[in-house]
Amino acid sequence: MPPKRSAPPTLDEFISFAERGDDLSAVLRCHLALEVVLNGILAPHTPRGSEIDRLPFVAKFDICTMLRRLDVRYRPGWVVANRIRNGFAHDLTAMVTEQMAGDFISALPKVNPLADERFTESKLRFATAREKVSLCYSVLFI
C-alpha cells in the first residue's frame, strides 16, 4: 500500500482528479483533495498527534475561516461539496446530475475566481453535469 499523501495537490493534479475516471472517482478524489487542503491549514494550529481527520469536513472549513485562511462566503459551496460527496459515499447508484451541478453553482459566491489564469489555461470543459460539478470543486480548491 502506498504511503498516505498529506501534501495538498497542485492545481494541475487537482484538475486531473476532476477529469479522469467516472463520477464516483472524480467526486471522491476532488473532495479528498479539498480535505487534504483543510488538514494542511489546520495542522500548524493543532497539537501534535491530534486527530484532525476525525473532525467533520464542514467543521474543518469553519475553523479555517476563523483562522482567516479561507473566505466564509464560500461556506455554502463547501456544504454542497460535502453533500455531494456524502451522496456518493452512501448510494451505490449515485451519479452526478444537472440538479447537483445547479445547486453547487448556486452555492458559490458571486466572485470571479475563474479569472485566475492558472484555471483558465486548464483543459477542463464545462458542458456536462460532471464537468460543472468538477468546475465547482475546482473553484473551492483555488
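Which helices are included in what covers the buried residues of α4? Keep that question in mind while the tour sets the scene, bearing in mind throughout that the model is predicted.

**The whole chain**

Begin with the protein chain in a cartoon view, where the secondary structure comes to seven helices and zero strands, so that, reading from the N terminus, the order of elements is α-α-α-α-α-α-α. If you colour the 142 residues by relative accessibility, 41% of them fall in the buried class. A contact map gives a complementary view: of the contacts between residues at least 6 apart in sequence, 61% join residues at least 24 apart.

**Helix α4**

Now select residues 75-90, which form helix α4, a run of 16 residues that reaches 23 Å from the first C-alpha to the last, close to the 22 Å expected at 1.5 Å a residue. Show side chains for Gly77, Trp78, Val80, Ala81, Asn82, Ile84 and Phe88, which are the buried residues of α4. To answer the opening question, display what surrounds them: the cover of these buried residues includes α2, α3, α5 (98-107) and α7. As you look down the helix, it helps to recall that an α-helix has 3.6 residues a turn, so residues three or four places apart point the same way.

**Helix α2**

Next select residues 23-42, helix α2, whose 20 residues should span 28 Å at 1.5 Å a residue, and whose end C-alpha atoms lie 29 Å apart, in agreement with that expectation. Of these 20 residues, 14 are buried, so α2 is largely enclosed by the rest of the structure.

Within α2, pick Ala26, which counts as buried because its relative accessibility is 4%. Leaving out residues up to four places away in sequence, Ala26 touches Phe17, Ala18, Arg20 and Arg130. A distance monitor from Ala26 to Val133 should read 9.4 Å between C-alpha atoms, although the two residues are 107 residues apart along the chain.

**α2 against α7**

Add helix α7 (residues 129-141) to the selection. The axes of α2 and α7 come within 10 Å and cross at roughly 5°, and the two helices are therefore roughly parallel to each other. On the α2 side, the residues to display are Asp23, Ala26, Val27, Cys30, His31, Leu34 and Val37, which meet Arg130, Tyr137, Leu140 and Phe141 in α7. Coloured by class, this contact shows eight nonpolar, one polar and two charged residues.

**α1 against α7**

Keep α7 on screen and bring in helix α1 (residues 11-19), where the axes of α1 and α7 come within 9 Å and cross at roughly 155°. That angle is over 145 degrees, and α1 and α7 are therefore roughly antiparallel to each other. The crossing in which α1 passes α7 is right-handed. Here Leu11, Phe14, Ala18 and Glu19 in α1 meet Arg130, Ser134, Tyr137, Ser138 and Phe141 in α7. The residues of this contact divide into five nonpolar, two polar and two charged. Arg130, Tyr137 and Phe141 can be left highlighted from the previous stop, since they are listed in the contact of α7 with α2 and also in the contact of α7 with α1.

**Two residues of helix α3**

Move to helix α3 (residues 57-66) and select Ile63. Ile63 is partly exposed, with a relative accessible area of 30%. Beyond its neighbours within four places in sequence, Ile63 is in contact with Leu42 and Leu55. The C-alpha atoms of Ile63 and Leu42 are 7.9 Å apart in space, with a separation of 21 residues in sequence.

Then select Lys60, which also lies in helix α3. Is Lys60 buried or exposed? At 0% relative accessibility, Lys60 counts as buried. If residues up to four places away in sequence are not counted, Lys60 touches Glu35, Leu38, Asn39, Leu42, Ile52, Asp53 and Leu55.

**The loop after α3**

For the last stop, select Arg68, in the loop between α3 and α4. Its relative accessible area is 75%, and Arg68 is therefore exposed. Check the backbone as well, since the phi of Arg68 is near 65°, a positive value in a residue other than glycine. For context, most residues other than glycine have a negative phi.

Methods: Residues are numbered from 1 along each chain as its sequence is written. This is a predicted model: local features need pLDDT of at least 70, side-chain atom pairs count only at pLDDT 80 or more; totals for chains, interfaces and linings use all residues. Side-chain values use heavy atoms; hydrogens and water are left out. Helices (H or I, at least four residues) and strands (E, at least two) are DSSP runs, numbered from the N terminus. Buried means under 20% relative accessible area, exposed over 50%, partly exposed in between (1.4 Å probe, protein chains only). Contact means heavy atoms within 4.5 Å. Axes are lines fitted to C-alpha atoms, for helices over the stretch in contact, and angles run from 0 to 180 degrees between N-to-C directions. Angles under 35 degrees count as roughly parallel, over 145 as roughly antiparallel, 65 to 115 as roughly perpendicular and the rest as oblique. A crossing is left-handed if the near helix is turned anticlockwise from the far one by less than a right angle, and right-handed if clockwise. Ala, Val, Leu, Ile, Met, Phe, Trp, Tyr, Cys and Pro count as nonpolar, Asp, Glu, Lys and Arg as charged, and the others, Gly among them, as polar. The expected span of a helix is 1.5 Å times one less than its number of residues.
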